[in-house]
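The following exercises concern a predicted model. Each task is followed by a solution in steps.

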Amino acid sequence: MSVSVIILAAGAGSRMRSACPKVLHQICGKAMLAYSIEEALKISDDVHIVLFFQAAQIQQYITDTFSQHSAHITLHYQNHSKYPGTGGALMDNKDNGDNKDNGGDIQGTMKGDIGDNKEEKSPFAMRYDKVLILNGDMPLITKEALQPLLKSQSPIALGVFELENPTGYGRVIIQEGQITQIIEEKDAQEAIKAIKTINAGVYALDQAILATYLPKLSCHNAQNEYYLTELIALAARDKISIEPIALNPKNFMGVNTQSELASVQDMMLDTLRKKAMDQGVVMHLPHTIYLEAQVCFEGACEIEMGVAIKGKSHIIDSHIKAHTIIEDSTIKDSHIGPLAHIRPKCAITKSHIGNFVEVKASHLDGVKAGHLSYLGDCEISEGSNVGAGVITCNYDGKTKHKTIIGKNVFIGSDTQLVAPLNIASNVLIASGTTMTKDAKEGDLVLSRVRQENKSAGFWHFFKKDIAKDS
Ligand code: UD1
Ligand code: MG
């Protein structure tokens with residue numbers, strides 16, 4: 001589609017009260033900004049992102065995450081000291097001399113990292129006449145939800161929706177059926193605050209509109225900023241047609257505070273869980289299940305309450321029982337939990353992992369580890385049984401070491417496997433063993449102090465107390 005997209009991500013995000021840049025806050029394991037960029041790239045091959053506050057950190061994230069799209073992304077730096085605000089973000093962004101901490105520093109590193117580093121103009125040098133502007137704090141947007149805006153033939157299409165509690169949003173003023181202006185919360189009188197039609201923060205407009213009206217923006221408002229929303233009032237005054245496009249709030253909720261971030265994450269979770277259930281995944285008390293955006297399911301899966309599945313996890317034909325945590329791992333044909341912790345880089349197949357078992361960076365194939373174990377950096381093969389309380393001692397204080405365990409190994413309860421260790425197939429390890437040496441096929445491994453029972457030792461030890469009690 002022939003549209004350029006601009007994502008505004010240069011704000012301070014001060015209402016988040018966080019050291020992390022607002023647009024890098026995570027929603028279901030992915031930075032808020034990534035959702036906007038991904039959807040923008042589905043719509044356009046000409047995506048512009050405006051940065052200023054904590055720009056170096058955000059730029060790094062973009063270059064790391066979207067390196068394969070570098071030809072389609074151009075970064076710009078807002079001249080914030082001269083032109084603050086959402087309108088200012090699109091004004092003269094060439095001269096960043098005032099800003100040594102952010103713009104001054106990153107101008108150099110940007111070259112070659114992303115895009116072809118076109119020289120920025122005011123307004124930007126964009127490939128297409130139609131421009132879609134998105135606030136960077138709306139992670140629920142989708143390509144589909146943006147279609148009505150893109151289909152509009154008007155020189156300006158403005159995304160609007162109704163909210164029972166519109167606090168924080170710009171109110172859209174409509175007089176005699178025409179949009180006349182947008183009034184920001186901080187500039188609004190009580191009567192205006194009662195208006196429930198709000199500006200979503202998405203605009204599809206002709207590039208010519210930007211060229212005409214950006215230079216005319218003023219900063220006479222409560223925040224002394226150049227509001228992009230003033231462009232609407234200026235164009236309305238010139239009788240330019242502004243088409244309101246009614247949007248579904250579910251896709252356009254803005255994030256300005258931590259509680260809005262949490263609500264938006266809840267909405268994202270609803271979407272992710274529904275997608276999984278539509279695919280046939282059985283979920284018990286789904287509202288208690290946490291999923292991240294990159295998790296995928298295959299085949300017949302069942303997920304119980306309180307489960308969290310994170311990162312790039314892949315769950316295939318498996319049953320994940322209550323309150324289990326799985327991170328960046330692949331689970332196939334297995335039963336995991338309740339209360340198990342599968343940490344990153346695990347591949348677990350045809351296995352049963354029970355309660356209070358922690359597994360990290362391990363490959364388990366056809367293994368039973370039913371209770372209270374730590375299995376780190378190990379490979380365990382088919383038919384092996386890990387008794388209760390078995391621990392791999394994989395870290396010597398300096399380096400991590402591997403434990404390799406063959407087929408049909410029986411590891412008795414409370415065994416410590418001091419890595420590095422190679423245990424061949426068909427080995428029996430007695431309960432309570434501290435194993436420091438490799439074992440060959442057929443071995444019985446035993447390392448414990450022989451038990452001694454002293455006859456009447458109890459009475460000898462407790463003699464006086466027992467006499468007193470009786
Ligand atoms: C903005 C709109 C408001 C709308 C709401 C929808 C303005 C003035 N107000 O308010 O009408 O209802 O979004 O969510 O546009 N940004 C910059 N440079 C800046 C300031 C902000 O790039 O100098 C970026 C921010 O990083 C953010 C976006 O613009 O991604 C919106 O800014 P924000 O401060 O969140 O505006 P809102 O108060 O939410
Ligand atoms: Mg906002």
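**Exercise 1. Backbone exceptions**

Locate proline 420, state the geometry of the peptide bond that leads to it, and then treat proline 338 and aspartate 333 in a similar manner.

*Solution.*

Step 1. Proline 420 belongs to the loop that joins strand 32 (416–418) to strand 33 (421–423). The peptide bond from alanine 419 to proline 420 is cis, and its omega is near 5°.

Step 2. Proline 338 lies in the loop between strand 21 (335–336) and strand 22 (341–342). Here the bond from glycine 337 to proline 338 is cis, with omega near 5°.

Step 3. Aspartate 333 is placed in the loop between strand 20 (330–332) and strand 21. Although aspartate 333 is not a glycine, its phi is positive, at about 45°.

Step 4. The general background is that most peptide bonds are trans and that most residues other than glycine have a negative phi.

**Exercise 2. The surroundings of ligand 1**

Describe the shell around ligand 1 by its residues, their classes and the strands that supply them.

*Solution.*

Step 1. With a cut-off of 4 Å between heavy atoms, 23 residues surround ligand 1. The closest are Leu8, Gln78, Thr86, Glu184 and Asn199.

Step 2. By class, the shell around ligand 1 comprises eight nonpolar, 11 polar and four charged residues.

Step 3. Strand 1 (3–9) and strand 10 (197–206) each contribute at least two residues to this shell.

**Exercise 3. Polar contacts and cover of ligand 1**

Which backbone and side-chain atoms lie at short distances from oxygen atoms of ligand 1, and what percentage of the accessible area of ligand 1 does the protein cover?

*Solution.*

Step 1. Take the backbone first. An oxygen atom of ligand 1 lies 2.9 Å from a backbone N or O atom of alanine 10, and a polar backbone atom of glycine 136 is 3.0 Å from an oxygen atom of the ligand.

Step 2. Turn to the side chains. In lysine 22, a side-chain N or O atom is 3.1 Å from an oxygen atom of ligand 1.

Step 3. On its own, ligand 1 has 760 Å² of accessible area, of which the protein covers 91%.

**Exercise 4. The largest pocket**

Identify the pocket that ligand 1 takes up and characterise its lining.

*Solution.*

Step 1. Ligand 1 takes up the space of the largest pocket. The volume of this pocket is about 1,100 Å³.

Step 2. The largest pocket is lined by 43 residues, and those closest to its centre are Arg15, Lys22, Thr86, Asp137 and Asn256.

Step 3. Strand 1 and strand 10 are the elements that give two or more residues to this lining. The largest share, four residues, comes from strand 10.

Step 4. The lining of the largest pocket has 15 nonpolar, 20 polar and eight charged residues.

**Exercise 5. The second largest pocket**

Give the volume, lining and contributing helices of the second largest pocket.

*Solution.*

Step 1. The second largest pocket has a volume of about 480 Å³. Its lining consists of 18 residues, with Leu140, Thr142, Met268, Thr271 and Leu272 closest to its centre.

Step 2. Helix 1 (32–43) and helix 8 (258–278) each supply at least two residues of this lining. Helix 8 gives the most, with six residues.

Step 3. By class, the lining of the second largest pocket divides into eight nonpolar, three polar and seven charged residues.

Technical notes. Residues numbered from 1 in each chain as written. Chains lettered and ligands numbered in written order. Predicted model: local features only at pLDDT ≥ 70, side-chain atom pairs only at ≥ 80, totals over all residues. Heavy atoms only, no water. Polar contact = N/O pair within 3.5 Å; in protein donor to acceptor, adjacent residues only side chain to side chain. Areas by Shrake-Rupley, 256 points an atom, 1.4 Å probe, with all protein chains shown as cover. 1 Å grid on protein atoms, 1.4 Å probe; cavity = no way out; pocket = protein on both sides within 12 Å on 5 of 7 lines; lining within 4 Å. Sits in = over half its atoms within 2 Å of the grid points. Nonpolar A, V, L, I, M, F, W, Y, C, P; charged D, E, K, R; others polar. Points joined across faces, edges and corners; volume = space filled by probe spheres on them.
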